[in-house]
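Here is an informal walk through one protein chain, with a look at its charges, its contacts and its backbone. Have the sequence and the model open as you read.

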Amino acid sequence: MPLTSLPEPDLLLPNSGEPALRWGLLGPGWIAGEFVAAAHAHTAQRFTAVASRSAERAAAFAARHGIEHALDDYEALVSHPDVDVVYIATPQSQHLELGLLAIAAGKHVLVEKPIALTAGEAQQLVDAASAAGVFAMEALWSRYLPQTSVVRKLLADGALGDVHTVHADHGQAIPADPQHRLYRPELGGGALLDLGIYPVQFDSMVLGAPTSVLAAGGLTETGVDAFSTLVLGHGVGKQSTVTTSMLTNTPTRASISGSDARIEFDSFLYTPSSFRVLANDPNAPDQGVDLQYTDETGLRLFQALSWEATALARYVGEGRTESPLHTLAETVSILDTIDQAKAQIEAHASVLA
């Protein structure tokens, strides 16, 4: 039966019964500033403390965002009585150490993506959170956008038929500076962990963990992956391609193709965006039913980080220990896919001159 309308998005609206948690921040960098601003403007959540190894940096961030406590000690923040949940936005090389620190203090944790450098490290965090009985989540904000809820409903309803393939891409031109964090292996640099995680998670959301991973790409002079193409097998008749690059800006789009219809995303797939649903019509392949989804919430770009803040508070209020939209098992699985791809690229890729 032809699809004639799109399902309504699920909106994680603030003040809908979720607790107003008190948040502490480790690592007052750029993305942390965007997240705090979005949370304060569009949710019931409030940051009460921020910590940096630089007292001046913590104080400046606190003053800019109206945060009461500015600390220069991470342990002081995770043990602070005015903090319920710790948001970790330091370089990813510190995510395991600081995640374990917060969990040991009995605090819920939201860890910026990637949650850790490897699947093995991620599993350590998962095991620690489980043992402590605290909530843990990777800050993969795309999973909580209204558009993503519409895609999930279309897939659950079988609107595309049997899904055969996903194409997903993310590329940004990162300055070729050996001191930039993405060029530094000791900070967990490379395109896949920072940029490629978005298209890899998109494929995982649609088709699950791949049964095979084939990767090709290139390395920077500093030894991190600069670009890659991943071919992900998902069983008979199902295969996806994922591309990423930090050498150039790419379309950063995605598509999901099924036996009855396909979804085509506009740029950027991981932010508030729009997409079309086109029916497969063998008699008129270019004239299929064309339904358009556009985000009408008014939250643009990083304002939409607020959706995941409200989601976390709701899940904590419900007594959950993980996100139902991005489970900890899937979090580990996505990093396992990236681990396999990185190993192949590092073993066979050429180094860029």
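Ile67 sits in the loop between helix H2 (55-65) and strand S3 (69-71); helices here are DSSP runs of H or I with at least four residues, strands are runs of E with at least two, and the numbering starts from the N terminus. Is Ile67 buried or exposed? Ile67 is buried, at 6% relative accessible area. For that call, buried is under 20% relative accessible area, exposed is over 50%, and partly exposed is in between, using a 1.4 Å probe and protein chains only. Ile67 and Arg46 are 21 residues apart in sequence, and their C-alpha atoms are 8.4 Å apart in space.

A quick word on ground rules: this is a predicted model, where local features need pLDDT of at least 70 and side-chain atom pairs count only at pLDDT 80 or more, while totals for chains, interfaces and linings use all residues. Residues are numbered from 1 along each chain as its sequence is written, and side-chain values use heavy atoms, with hydrogens and water left out.

A much longer sequence gap is bridged at Leu291, if you go by the numbers: Leu291 and Ser5 are 286 residues apart in sequence, with their C-alpha atoms 7.0 Å apart in space. Leu291 belongs to strand S14 and is buried, at 15% relative accessibility.Now for the charged pairs. Side chains of opposite charge can pair when their charged atoms come close. A salt bridge here means a side-chain nitrogen of Lys or Arg within 4 Å of a carboxyl oxygen of Asp or Glu. How many salt bridges turn up by this rule? The count comes to twelve, and three of the pairs are set out here.

| Salt bridge | N to O distance |
|---|---|
| Lys153 and Asp10 | 3.0 Å |
| Asp162 and Lys238 | 2.7 Å |
| Arg276 and Asp290 | 3.2 Å |

Take the salt bridge of Lys153 and Asp10. Lys153 lies in helix H6 (residues 146-156) and Asp10 in the segment before strand S1 (22-26), so the pair ties together parts that are 143 residues apart in sequence. Lys153 is partly exposed, at 25% relative accessible area, and Asp10 is partly exposed too, at 44%.

Next come Asp162 and Lys238, which meet in a salt bridge. This pair links distant parts of the chain, 76 residues apart: Asp162 is in the loop between H6 and S7, and Lys238 is in the loop between strand S9 (225-233) and strand S10 (239-245). Asp162 is partly exposed, with a relative accessible area of 40%.

Then there's Arg276 with Asp290, again a salt bridge. Arg276 in strand S13 (residues 274-279) and Asp290 in strand S14 (residues 290-294) are 14 residues apart, and the pair links distant parts of the chain. Both ends are partly exposed: Arg276 has a relative accessible area of 26%, and Asp290 comes in at 40%. Which residues share a network of salt bridges with Arg276 and Asp290? Arg262 and Glu264 do, and the four are linked.

Asp169 has another story. Asp169 is part of strand S7 (residues 163-171), and Asp169 is buried yet has no salt bridge. The nearest side chain of opposite charge belongs to Arg253, 7.8 Å away; Lys and Arg count as positive and Asp and Glu as negative, with His and the chain ends not counted. What does the side chain of Asp169 make a polar contact with? Its partner is the side chain of Thr250, at 2.7 Å. A polar contact is a pair of N or O atoms within 3.5 Å; within protein, one must be able to donate a hydrogen and the other to accept it, and residues adjacent in sequence count only if both atoms are side-chain atoms.

Over on the surface, Glu56, Asp72, Asp73 and Glu75 gather in a patch of negative charge. Residues in such a patch have over 30% relative accessible area and no salt bridge, and like charges are joined within 9 Å. One of the four, Glu75, is in helix H3 (residues 74-78) and is exposed, with a relative accessible area of 54%.

Finally, some backbone features to look up. A cis peptide bond joins Lys113 and Pro114, with omega about -10°, and Pro114 is in the loop between strand S5 (108-112) and helix H5 (119-132). The peptide bond from Ser267 to Phe268 is cis as well, with omega near -10°; Phe268 falls in the loop between strand S12 (261-265) and S13.

Positive phi values in residues other than glycine include that of Asn15, near 55°. Asn15 is in the segment before S1 and is exposed, at 64% relative accessible area. Leu301 also has a positive phi, near 45°, and Leu301 lies in the loop between S14 and helix H8 (306-317).

Note on methods. Patches are made of residues with over 30% relative accessible area and no salt bridge: like charges are joined within 9 Å, nonpolar side chains (Val, Leu, Ile, Met, Phe, Trp, Tyr) within 5 Å. Accessible areas come from the Shrake-Rupley method with a 1.4 Å probe; for residues, only the protein chains shown count as cover. The place of a charge is taken as NZ of Lys, CZ of Arg, CG of Asp or CD of Glu.
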